[in-house]
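Please open the structure in your viewer and keep the side chains ready to display, since each stop on this tour begins with a selection and then turns to what is found there.

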Amino acid sequence: METFEGIRYRLLGPVELYHEGEAVDLSSTKVRLMLTALALAPNTVVSFEALGRVLWERGAPPSARSNVRTYATTLRRVLDRDSRNRLVSRGGGYLLSTDPDELDVQVFHRLAEIGRRALADGEPASARTHLRQALALWRGHPAEGLPPRRALAGQLDALAEQRLLVEEDLLEAELAVGATAELVGSARMLVTEHPLRERGWAALMLALYRGGDVAAALEAFAEARHRLVEGLGLEPGPRLQQLHQAMLNRDPALLERPAVSTAATVGTRCELPRQVTLVSRAEEVRTVVAALCSPDAEGARVVVVHGPPGAGKSAVALRAAHQAAWCYPDGQRYVDLNHTAVDGAHWRSALAGRRELVVVDHCSSAAQLRPLLVAEPGCGFLVTADTPLAAVDATCRVAVGRLSTPAAVAMLGRLVGRARITPEWAAADVVARCDHLPLAIRAAAAVLIADPRLSLAGLAARLSAGAVLDELAVDDLDPRARLLARYREMSTVDHVAAAAFQYLGTEGVVAGELSPAVVRRLADHGLLEDGHLAPLTHRVAVELGTMPA
């Protein structure tokens, strides 16, 4: 949860609420009960009467409506911290507005459905990956720790049953990929906890048989029969009976694995880099995920995330890619065009017939991107660029700009620890010197981390001395290096624009002195924003203008 921005609701275990990666104190049992009732019916109005049955098992008091409003006010203080109206009063009740990735129950159902579909399509490796991910969301019994409520029992029991079904589906997927040795322990645990479920017994018998322990497989059938007769008064069903008979007959078909589709042999791959700290980007991430997972898209989905160098486009793209991964069951790829040359023909061939998400980082032009795109309707391309890549037919474009001062300070605090973000004026000054760009803020944080004795006020003083770019030149977080890379790339193809960039570093010169065509070309290379040079970009232009020829 610490890698997620915004709100996260967790019901698959103790009820928990996270905001900006940090757990929110929900010590009030009534508030947790109300949140559970609302989260079990997301985006649906839950009436005052229904909430009353959850909050008061033995009947609601005369002050019930007033009390419910008080609990709603408490929830709103947490849910609406980012000014989004999540808890809505409507139609004689309340509605909890959620996005698909915010509620662990919804994520669980989606992953389970993808896994089952893959299993039915003869893709057990993909099925195993998604079913494991679904089960990894569970931390205990649903809504564990809350007092029992008849009004919630049906929904919570249904969730527990869904978990069991997914565990059984996973056993079948494991059998299909040939993981018999590891499977025996899992199957034994399942039948020990749920001795009347025949699918678990069948998986255990087959795993033992394929592992060469025929006697143990037959003993497992005998134990299953004993449990079923003793517990239900019933003989084993046809599936177990037929499996038992096949083992007695040493049927060679028992050693054969189910046919696996050609696509499945490639397996599910995830090459996405790890996620990094992200602050105040929930809306951008939400928009990207919605576009990548839209069922209405024709052909491959292409989403362009654009903004000035250092604005954190890659971080937004990777966060969205991880959240949208469930829409692309065949895998997720990552390519950084700053460091990788891609063979377009080979690339398109590898994606043929696949449902993969491809993150294309640091794309400089439409011409660089086009050879990588395919028409496969199941594929998605998430592209980061300094410009909107207007010449590309994109499903959606999402702009990522500078952070506000509060968000920039919050990001610095998450990187170095809140205890070091004092005094407030120094924090505001440091992020302003960093031009409110996440890359530069990371560099400033790295300077503070490297020198625990350096105060925030001390760093502010060093940055104000004029050598901002020198102070922020930290490893691969160096803003100057990023901007110089853009300049050098431009200078190889457009000498006029390169000379104009240096000219803008001259004191008193403004972009209005340049021709519209040159202004557009500078903007196309991400070096000009809204007709002017940003502070750090201007410093690079000044340095270039003062270099000896």
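Select arginine 163 in this predicted model: with a relative accessible area of 24%, arginine 163 is partly exposed. Add glutamate 167, which at 22% relative accessibility also counts as partly exposed, and the two side chains are seen to meet in a salt bridge, 3.8 Å from N to O. Both residues belong to helix α6 (residues 150–177), where they sit 4 residues apart, about one turn of the helix. An α-helix has 3.6 residues a turn, so residues three or four places apart point the same way.

Staying with the same helix, select glutamate 172 and arginine 239, whose side chains form a salt bridge of 3.4 Å, N to O. This pair links distant parts of the chain, for glutamate 172 lies in helix α6 and arginine 239 in helix α10 (residues 238–248), 67 residues apart. Glutamate 172 is partly exposed, at 28% relative accessible area, and arginine 239 is likewise partly exposed, at 47%. To widen the view, display the network of salt bridges that links Arg116, Glu161, Glu168, Asp169, Glu172, Arg197, Arg199 and Arg239; the structure holds 36 salt bridges.

Another of these pairs is glutamate 16 with arginine 10, in which the closest N and O atoms are 3.1 Å apart. Here glutamate 16 is partly exposed, at 25% relative accessibility, whereas arginine 10 is buried, at 16%.

Move next to arginine 86, in the loop between α3 (64–79) and β5 (87–90). Is arginine 86 buried or exposed? Its relative accessibility is 0%, and arginine 86 therefore counts as buried. Its side chain reaches the backbone oxygen of leucine 79 at 2.6 Å, and, leaving aside neighbours within four places in sequence, the residues in contact with arginine 86 include Ile7, Tyr9, Asp80, Glu102 and Arg286.

For a view of the surface, select Leu196, Leu232 and Leu234, which form a nonpolar patch with about 270 Å² of accessible area together. Of these, leucine 196 is found in the loop between α7 (180–193) and α8 (198–210), and is partly exposed, with a relative accessible area of 37%.

Finish at helix α19 (residues 456–464), selecting its buried residues, Leu456, Leu459, Ala460 and Leu463. Looking down the axis of α19, one finds these buried residues within an arc of 105°, so they line one face of the helix. Among the elements that cover them are α16 (405–416), α17 (424–433), α18 (438–450) and α20 (468–471).

Definitions and conventions: Residues numbered from 1 in each chain as written. Predicted model: local features only at pLDDT ≥ 70, side-chain atom pairs only at ≥ 80, totals over all residues. Heavy atoms only, no water. Buried < 20%, exposed > 50% of the residue type's maximum accessible area, 1.4 Å probe, protein only. Helix = DSSP H or I, 4+ residues; strand = E, 2+ residues; numbered from the N terminus. Arc of directions from axis to C-beta. Contact = heavy atoms within 4.5 Å. Patch = residues over 30% accessible without salt bridge, like charges linked within 9 Å, V, L, I, M, F, W, Y side chains within 5 Å. Areas by Shrake-Rupley, 256 points an atom, 1.4 Å probe, with all protein chains shown as cover. Salt bridge = Lys/Arg side-chain N within 4 Å of Asp/Glu carboxyl O. Polar contact = N/O pair within 3.5 Å; in protein donor to acceptor, adjacent residues only side chain to side chain.
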